[in-house]
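Me: I am new to this structure and would be grateful for a close look at a single part of it. Please set that part in its wider context as well.

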Amino acid sequence: MPNARSATAGVPAPVVAAPRKRFGLSRNGDPADRTRGRVHAATSDRNGFLDLRIVGVSKSFGETEALSEIDLSIESGRTVSLLGPSGCGKTTLMRIVAGLEVADTGMVYVGDRLLAGPGTHVAPESRRIGLLGQERSLFPHLSVGANVAYGLGRAADRAARVAEVLEMVDLAGYERRMPDSLSGGQQQRVAIARALAPRPRMLLLDEPFQALDAHLRLELQTEVRALLGSLGATAVIVTHDQDEAFVMGDDVAVMRDGRIRQRGKPSEVYGHPESPWIASFVGDANFIPGIGRGSVVSTPLGDLGTCCHAAGKVAVLVRPSSLRMVEVETSGERDTSTQGRVESMRFIGHATECRVRLGDAVLLTRSDRMPTVRVGDEVTLCYDGPPAVTYPAAAVADLRRRGNGRRTEPSTLAR
Amino acid sequence: MDAGRLCRIWGLVLGLFFAAPLGYLAYENVRLRSDVAGILAVARTWGPLRNSLLLAGAVSAAAMVAGTAMAWATVRLNLPGRRFWAALAPLPLVFPTFVGATAFIALLARGGLAEQILSPLGVGALPRLQGFWAAWLVLTLFTYPYVYLPVRARLRHLDPVYEEAARVLGRRRRSVFATVTLPATLPAISAGGLLVCLYVLSDFGAVELLRYETLTRSIYANRLFDRPTSVAHGLLLGVVALGVVGVERMLARRRSGGFSATSDRPPPLTDLGRWRWPVCAAVVAFLLLALAAPLATLGYWAGRGIANPHRRVGAFALDGAGIAASAASTVVVSSVAAVVAVLVMLPLAWLLVRRPSRSASASNLLVTAGFALPGIVVALALVFWTLQVPFAAAVYQTLPLLIVGYLLLFGAQAANAARAAVGAVPRRLSEGAQTLGARRWRRLRTVELPLMTPGLLAAGGLVLLSVMKELPLTLLMRPTNLPMLSTDIWNSTESLFLAQAGLESLVLVAASGLLTWLLVLRRSEFA
């Protein structure tokens, strides 16, 4: 691996060099050099990845507000998943960072360099940001090698760099193939190599695996995740798929209606969603009514411990996997309040889902054990999960009215 | 015998029929014992051949530049009135080239618009418009839409993702255009350019009126007194035209290029900044030359004629009743040709869609080759054949033979459009009717024909349009007592009866404009 200086000096592409002067970066020195002193910059330094800062970015298309006051920072070497339903503005945000769209207000910095702000709009070709789109964007009239070399300008070591990045994506020796002779997964790997070749300061991946079939998607997710990690890449991955967001991101930022609603580690976002909407967007969720009494909440499933202070009428988040079913006959006590009837069952191989009617609510349960009950059986439901998360009851009612943007309906039948 | 077998035999007959003109010319060369090699070697051949190729090359190049520039400007630049210019740009297509040539001759003629405008500035008599540059200008102005239309469609639907990827990878706009946009558009440009090339090679009216000595002109000039030269040149032109089609086929095979061109995202607009108005002025100036100038000059002369109703001879003479009669017979003849062409071609179209086979493709190839043959070559073959073969002289210059000529020229157009019509009937619908117990004829009558009707009407309309605009075949083969608009315009222009030519042209342009809008433009995005 070349060191920082030769790495950045290895890209003397005229198209890149000229704007660098224009925006005063040669005066300040290469931004890559200045990251050297940072604690976490050891790996990112090597490849020149920098941090991203988005400050107060807003964008409207005519009357519709696509983004409002977005703030998002990503340390160099970290990967953030931007998760949201389609139409939430996540792709617009990526296009603004790439320079393909102009924000109405706000600023975008990569490293210390202002790319977009009041009166400033650095052209996309001068930003040194790698973009991997959802559609197949390889140039069909160029070979794999020419595609990957496309962003390299007239550097002397083009061939070497092309070979190097193709090696990274496991396609060494594919230089002379044409894109249409490759499979979808291979094409997307070439696209990754092409984005990486000019040593971008950060990477934007916009639904990169959407067009691939399920098992290929899993495979590429794992590989790309590992590749980004080993390169120390700063990256944003835009997706509407919860699993992909959790797998790919060090952090997940959930977007809705042009705003970022929650940002945190995947486990945090799943375990402590900040709103009922997020709870049901990132996974299946039951909401049951309860009365909060400090650290305990009384529910139809009994008294549950809560993670934080709860008071008054609340809605309690119960993930389907936190519910356990016990057949009534075998359970000794007959507490009718937690007793329900199995309404329907769905066997999906690795798990079984049951819908259980409890009073006037229907709760979804999921278990990886083979079911012993049948439709129509009386069962007792037990809560078997972490300290419960609660929301004001009104918030859940609001969610039920507006829907959650996912195709599956949340089982929010609590009254 | 089942319907498929009948169709296949019909297809083979058609193929032979369409191969006949060129075959006959070859045979005629042999029969006349003409010294083909000798004729081809002399300067009298080289001159016209060189001129034909030179003109075809120069016009194709200019049309590719102009068509691409106009398409680019109206799709990708933020010009004021972009959509309006875009809708006007394909309209020069409605001028047959001999009408275009007529308009420009009339523009510069004595007493014409140009003189009226220029004489106060001290410019004296204007030269007669003729020669290479005149033919080049007129043909370029009236053929560039063949490039403009496909390039515009390509640019509109090209997925912006490629250009965005190129920019994000560090290329400036100009570099993106050269390395991505142009390669992606090149198939459309080259297809349009080859079409223009074929059109110019076949063109007779414009080069004859503008006196530029090409092969078509020499065929026409020599047909009476130097038959061997005429026949040899006809064969030569036919072979050159087929060569162009061959190149087109070869390129078409590698055409798609793999760029995804199904985008519904609006194409990104480039902001021209202070160049916005100058570029718009250039677009408008080009449209003025290609559209407004010919229309204005035709209207001007027609107006002069109408304003001087008592002149019986000379530039202002006008024969309104004659024009009405010509228009009526033109419509009748064109309609008959259209109906015949669609009926004759439908079985082949059905065969190609429903029962594709090698023999069907071979028939189709011959039919397409017939389309590539210049009108004057087909006319020459038919004329010599009727004058040569015993008893055939009876059909010389009769309506049936004229219709046969039109069929040879435009049958391929009808076949192509009819293929689309047959394709509009999904096989599963026919099969559905079959499982419900409908036999062949009932299926045809109740399911297939009703669904095919719009497509067949379009096919007929295309032939109608082409026949109306056709000149050389009509000129050589029309019955002497059958007036046709195209030959009337021709005669009026040759005699410099410019008012008459102007009014006749306006009638023809109006009819062709209506049909073009109905059949070509309405189906594209200009609706």
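Does B:Arg211 count as buried, partly exposed or exposed, and how many C-beta neighbours does B:Arg211 have inside 10 Å?

Reply: The model is a predicted one, and what follows should be read in that light. B:Arg211 counts as partly exposed, because 13 C-beta neighbours lie inside 10 Å. A residue is called buried at 20 or more such neighbours and exposed at 12 or fewer, so a count in between gives the label partly exposed.

The position of B:Arg211 in the chain comes next. B:Arg211 is found in the loop that runs between helix H11 (205-209) and helix H12 (215-222) of chain B. The backbone there has a particular feature: phi of B:Arg211 is near 55°, which is a positive value in a residue other than glycine.

The helix that follows this loop has a clear character. H12(B) is mostly covered, with seven of its eight residues buried. The buried residues of H12(B) are B:Leu215, B:Thr216, B:Arg217, B:Ser218, B:Ile219, B:Tyr220 and B:Asn222. Thus B:Arg211, in the loop before H12(B), is partly exposed, whereas B:Arg217, within H12(B), is buried.

Another loop of chain B offers a parallel. B:Leu496 also has a positive phi, of about 60°, although it is not a glycine. B:Leu496 is placed in the loop between helix H22 (485-494) and helix H23 (498-521) of chain B. With 14 other C-beta atoms within 10 Å, B:Leu496 is partly exposed.

These loops belong to a chain whose secondary structure comes to 23 helices and zero strands. The radius of gyration of chain B is 24 Å, close to the 24 Å that the globule rule gives for 527 residues, so chain B is as compact as a globular protein of that length. The C-alpha trace of chain B spans about 80 × 70 × 50 Å along its principal axes. Of its 527 residues, 47% count as buried. Contacts across the sequence are also informative: among those in chain B between residues at least 6 apart in sequence, 84% join residues at least 24 apart.

Chain B also touches chain A. In this contact, 18 residues come from chain B and 23 residues from chain A. On the side of chain B, the elements that give two or more residues are helix H9 (161-168) and helix H10 (173-202). H9(B) supplies the largest share of that side, namely seven residues. By kind, the residues of the side of chain B that touches chain A divide into nine nonpolar, four polar and five charged.

Chain A itself is described by its domain assignment, which gives domain 1 (4-268) and domain 2 (272-402). Six residues of domain 1 of chain A are in contact with nine residues of domain 2 of chain A. Strand S10 (251-256) and strand S11 (259-264) of chain A each supply at least two residues of the side of domain 1 that touches domain 2. The residues of that side of domain 1 comprise one nonpolar, two polar and three charged.

Chain A also contains an open sheet of five strands, in the order S14-S18-S15-S16-S17, with antiparallel pairing. Strand S14 (323-327) and strand S17 (361-367) of chain A stand at the edges, each with a single partner strand, so one side of each is left without a neighbour in the sheet. From one strand to the next, the twist averages 45°.

Within this sheet, strand S15 (residues 339-347) and strand S16 (residues 352-358) of chain A pair in the antiparallel sense over six bridges. A:Ser344 has A:Arg355 in S16(A) as its bridge partner, and A:Arg341 stands opposite A:Arg357 in S16(A). The hairpin of S15(A) and S16(A) has four residues between the strands, and A:Gly349 in this hairpin takes a positive phi near 80°. S15(A) also pairs with S18(A) in the antiparallel sense, over three bridges. There the bridge partner of A:Gln339 is A:Thr380 in S18(A).

One arginine of chain A may be set beside B:Arg211. A:Arg369 is found in the loop between S17 and strand S18 (378-383) of chain A. A:Arg369 is exposed, with 9 other C-beta atoms within 10 Å, whereas B:Arg211 counts as partly exposed with 13. A:Arg369 and A:Ala351 are 18 residues apart in sequence, and their C-alpha atoms are 6.8 Å apart in space.

Note on methods
Residues are numbered from 1 along each chain as its sequence is written. Chains are lettered from A and ligands numbered from 1 in the order in which they are written. This is a predicted model: local features need pLDDT of at least 70, side-chain atom pairs count only at pLDDT 80 or more; totals for chains, interfaces and linings use all residues. Domain bounds come from an automatic or database domain assignment. Two residues are in contact if their C-beta atoms, placed from the backbone, lie within 7 Å. Ala, Val, Leu, Ile, Met, Phe, Trp, Tyr, Cys and Pro count as nonpolar, Asp, Glu, Lys and Arg as charged, and the others, Gly among them, as polar. Two strands pair if DSSP finds at least two bridges between them. Axes are lines fitted to C-alpha atoms, for helices over the stretch in contact, and angles run from 0 to 180 degrees between N-to-C directions. The radius of gyration is taken over C-alpha atoms; the globule rule is 2.2 Å times the number of residues to the power 0.38.
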